[in-house]
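Visitor: Please choose one part of this model and take me through it closely, with its turns and its surroundings, in one connected account that I can follow at the bench.

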Amino acid sequence: MEAVIHVLQGRGHSIIDGVRYDWSQGDVLCIPVFSWHQHFNTGDRPARFLVHHNRPLMENLGLMHVEQGESSDE
């Protein structure tokens with residue numbers, strides 16, 4: 001699933017295919033199709049995202065595959 005994430009509030013970082021990306025309010029993250037990703041809030045208040053994704057298209061094409069990652073120690 002491909003996604004575009006707009007950070008509305010907060011700060012933290014994301015791991016996308018093993019690479020760390022720091023983010024804060026006003027940033028945009030682009031998650032490539034089939035990329036493993038995980039998000040971490042490192043701020044002192046909740047992080048809020050607005051996410052646009054193509055999940056319905058991927059489901060209709062039979063290409064949707066979701067895996068639950070391990071819990072983070074962070």
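Guide: To speak of a loop between two strands, we first need the strands themselves: helices and strands are taken here as DSSP runs, a helix having at least four residues and a strand at least two, and both are numbered from the N terminus. The model is predicted, and what follows should be read with that in mind. On this basis the chain has six strands and one helix, in the order β-β-β-β-β-β-α along the sequence. The part I would choose is the hairpin of β2 and β3, with the loops and the core around it.

Strand β2 covers residues 11–16 and strand β3 residues 19–24, and the two pair in the antiparallel sense over six bridges. Two of the partnerships can be followed by name: Arg11 of β2 is bridged to Ser24 of β3, while Ile15 is bridged to Arg20. Between the strands there are two residues, which makes the pair a hairpin. One point to examine in the turn is Asp17, which lies in the loop between β2 and β3 and has a phi near 50°, a positive value in a residue other than glycine. The sign deserves attention because most residues other than glycine have a negative phi. As for its surroundings, Asp17 has a relative accessibility of 49%, so it counts as partly exposed; the class of exposed residues begins over 50%.

Within β3 there is a charged pair to look at. Arg20, already met as the bridge partner of Ile15, also forms a salt bridge with Asp22, with the closest N and O atoms 2.9 Å apart. Both of these residues are exposed, and the count of salt bridges comes to one.

The other strand of the hairpin has a further partner. β2 pairs with strand β5, residues 37–41, again in the antiparallel sense and over five bridges, and Ile16 stands opposite His37 in that strand. Ile16 also takes us into the interior, since it belongs to the largest nonpolar core, a set of seven residues that also holds Ala3, Ile5, Val7, Trp23, Leu29 and Ile31. Strand β1, residues 3–9, and β4 each supply at least two residues of this core, and the greatest contribution, three residues, is that of β1. The general background is that nonpolar side chains tend to be buried together in soluble globular proteins. For the chain as a whole, buried residues make up 22% of the 74 residues.

One core member, Ala3, shows how separate parts of the sequence meet: leaving aside neighbours within four places in sequence, Ala3 is in contact with Leu29, Cys30 and Ile31, and also with Val51, His52 and His53. Across the chain, among contacts between residues at least 6 apart in sequence, 60% join residues at least 24 apart.

Following the chain out of the hairpin, we come to Gly26 in the loop between β3 and β4, the latter being residues 28–31. Gly26 is counted as exposed because its relative accessibility is 59%. The C-alpha atom of Gly26 is separated by 6.1 Å from that of Leu8, although the two residues are 18 apart along the chain.

The next loop, between β4 and β5, holds Phe34, and here a second positive phi can be set beside that of the hairpin turn: the value for Phe34 is near 65°, again in a residue other than glycine. Phe34 has a relative accessibility of 56%, so it is classed as exposed. Phe34 also takes part, with Val33, Leu57, Leu61 and Leu63, in a nonpolar surface patch of about 490 Å². Of these, Leu61 lies in the segment after α1, a helix of residues 55–60, and Leu61 is exposed because its relative accessible area is 55%. For the setting of this patch, the chain exposes about 5,400 Å², and carbon and sulfur atoms supply 50% of that area.

Key. Residues are numbered from 1 along each chain as its sequence is written. This is a predicted model: local features need pLDDT of at least 70, side-chain atom pairs count only at pLDDT 80 or more; totals for chains, interfaces and linings use all residues. Side-chain values use heavy atoms; hydrogens and water are left out. Patches are made of residues with over 30% relative accessible area and no salt bridge: like charges are joined within 9 Å, nonpolar side chains (Val, Leu, Ile, Met, Phe, Trp, Tyr) within 5 Å. Accessible areas come from the Shrake-Rupley method with a 1.4 Å probe; for residues, only the protein chains shown count as cover. A salt bridge is a side-chain nitrogen of Lys or Arg within 4 Å of a carboxyl oxygen of Asp or Glu. Buried means under 20% relative accessible area, exposed over 50%, partly exposed in between (1.4 Å probe, protein chains only). Two strands pair if DSSP finds at least two bridges between them. Contact means heavy atoms within 4.5 Å. A nonpolar core is a set of buried Ala, Val, Leu, Ile, Met, Phe, Trp, Tyr and Cys residues joined through side-chain atoms within 4.5 Å.
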